[in-house]
Amino acid sequence: MTEPPLTEEDALARALAEAEAAARRGEVPVGAALLDAGGGLLAADGNRIRELRDPTAHAEMLVLRAGAARLGNERLIGTRLFVTLEPCAMCAGAISLARVARLVYGATDPKGGGVAHGARVFDQPTCHHRPEVARGGAAEAAAAGALLKAFFAARR
């Protein structure tokens, strides 16, 4: 049985659930969900940097890899990526290279973000593909931000 297409709110909720699972694993709580052009879920995951001992195992990178494998193509044309935290410069670069059509993120990241802050990857003249970028709703951003704050407060 085929699952019904996910709404943007559903996709952000799925990304948040993945972030919560990452926190339970002791990872920085960031989650991502990748939808195909029709709204079908291609992949969802959370950070696994510590688990995989891989500094590139950010949630975004994991779902881009899984989505490319599932589609059998490195170009993720028409896909939409939902992330709980503004992607870093590495992930923003990968999003561009994968040709993701739309990026929606929850919390901003003034220290490490690479979209609205820092490197602003999509604004660079060397960036060949710029996805449509949107912020998630206020409730989703607040939930993602609260999860991150609680995670880091517990470690101080």
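**Exercise 1. State the accessible surface of the protein and the share that belongs to carbon and sulfur atoms.**

Solution. The accessible surface is about 7,800 Å² (Shrake-Rupley method, 1.4 Å probe). Carbon and sulfur atoms hold 56% of that surface.

This is a predicted model: local features need pLDDT of at least 70, side-chain atom pairs count only at pLDDT 80 or more, and totals for chains, interfaces and linings use all residues. Residues are numbered from 1 along each chain as its sequence is written, and side-chain values use heavy atoms, with hydrogens and water left out.

**Exercise 2. Check the length of helix 1 against its number of residues.**

Solution. Helices here are DSSP runs (H or I, at least four residues), numbered from the N terminus. Helix 1 has 17 residues. The expected span is 1.5 Å times one less than the number of residues, which gives 24 Å. The end C-alpha atoms are 25 Å apart, so the two agree.

**Exercise 3. Find the buried residues of helix 1 and what covers them.**

Solution. Buried means under 20% relative accessible area (1.4 Å probe, protein chains only). Among the buried residues are Leu 12, Leu 16 and Glu 18. Their cover, by contact (heavy atoms within 4.5 Å), includes strand 1 and helix 5 (138-154).

**Exercise 4. Place Gly 26 and describe its surroundings.**

Solution. Gly 26 lies in the loop between helix 1 (8-24) and strand 1 (31-35). Its phi is positive, about 85°. Gly 26 counts as buried because its relative accessibility is 17%. Not counting residues up to four places away in sequence, Gly 26 touches Arg 50, Phe 151 and Arg 155. The C-alpha atoms of Gly 26 and Glu 51 are separated by 8.7 Å.

How values were computed: Helix = DSSP H or I, 4+ residues; strand = E, 2+ residues; numbered from the N terminus. Buried < 20%, exposed > 50% of the residue type's maximum accessible area, 1.4 Å probe, protein only.
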